Amino acid sequence: MQRLEHKAPGRVQKINPRHTSQTCNACKHVAGKSRESQALFLCVACGHRDNADVNAAKNMRDTAAGHAVTARGGLPSGGPVNREPQPDLPSAA
Ligand SMILES: [Zn+2]
């Protein structure tokens, strides 16, 4: 009996958990050495210190949010939004 995992294309986010665990959430510096221990993250670049799991979770959140913004082609926030002029909908005429 085969138990193959069916991967749904397009639904899997390409986020490497190891990568996020080695990325500083403060300065985005990636270094395996920043992973002080299983529980502690200490950035070798800026000295940012955080719970390793919390730091990784923040990176995953930021990455997911960044992808969503990039996919829409918009700015993260506060940027000018070019709205196409909406033609008047035919109301009760
Ligand atoms: Zn850092």
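1. A disulfide here means a pair of cysteine sulfur atoms within 2.5 Å. By that test, the structure holds zero disulfides. This is a predicted model, so side-chain atom pairs count only at pLDDT 80 or more. Two cysteines deserve a look all the same. Cys 24 is buried, at 0% relative accessibility. Cys 27 is partly exposed, with a relative accessible area of 34%.

2. Next, the overall layout. The protein has two helices and two strands. Read from the N terminus, the order is α-β-β-α. Helix α1 covers 17-21, strand β1 covers 40-42, and helix α2 takes in residues 52-72. Helix α2 recurs in the points below, as Asp 62 and Asn 55 both belong to it.

3. Now burial and surface. The protein has 93 residues, and 15% of them count as buried. Its accessible surface comes to about 8,100 Å². Carbon and sulfur atoms account for 53% of that surface. On contacts, take the pairs at least 6 apart in sequence: 26% of these join residues at least 24 apart.

4. How many salt bridges does a search of the whole structure find? The count is three. Side chains of opposite charge can pair when their charged atoms come close. The three pairs are taken in turn below.

5. Lys 28 pairs with Asp 62, with the closest N and O atoms 3.2 Å apart. Lys 28 sits in the loop between α1 and β1, while Asp 62 is in helix α2, so this salt bridge ties together parts 34 residues apart in sequence. Are the two partners buried or exposed? Neither label fits, because the cut-offs are under 20% for buried and over 50% for exposed. Lys 28 has a relative accessible area of 43% and is partly exposed. Asp 62, at 30%, is partly exposed as well.

6. Asp 62 has a second partner, Arg 61. Their closest N and O atoms are 3.5 Å apart. Arg 61 is exposed, with a relative accessible area of 53%. Through shared partners, the salt bridges join Lys 28, Arg 61 and Asp 62 into one network.

7. The remaining pair to check is Asp 50 with Lys 58. The closest N and O atoms lie 3.2 Å apart. Asp 50 is buried, at 16% relative accessibility. Lys 58 is partly exposed, at 28%.

8. Which residue in helix α2 has a side chain that reaches the backbone nitrogen of Asn 25? It is Asn 55, at 3.1 Å. Asn 55 is buried, with 0% relative accessibility. Set aside its neighbours within four places in sequence, and Asn 55 is in contact with Thr 20, Thr 23, Cys 24, Asn 25, Phe 41, His 48 and Asp 50.

9. That contact list links back to earlier points. It includes Cys 24, the buried cysteine of point 1. It also includes Asp 50, the salt-bridge partner of Lys 58. Phe 41 is another entry.

Key
Residues are numbered from 1 along each chain as its sequence is written. This is a predicted model: local features need pLDDT of at least 70, side-chain atom pairs count only at pLDDT 80 or more; totals for chains, interfaces and linings use all residues. Side-chain values use heavy atoms; hydrogens and water are left out. A salt bridge is a side-chain nitrogen of Lys or Arg within 4 Å of a carboxyl oxygen of Asp or Glu. Helices (H or I, at least four residues) and strands (E, at least two) are DSSP runs, numbered from the N terminus. Buried means under 20% relative accessible area, exposed over 50%, partly exposed in between (1.4 Å probe, protein chains only). Contact means heavy atoms within 4.5 Å. Accessible areas come from the Shrake-Rupley method with a 1.4 Å probe; for residues, only the protein chains shown count as cover. A polar contact is a pair of N or O atoms within 3.5 Å; within protein, one must be able to donate a hydrogen and the other to accept it, and residues adjacent in sequence count only if both atoms are side-chain atoms.
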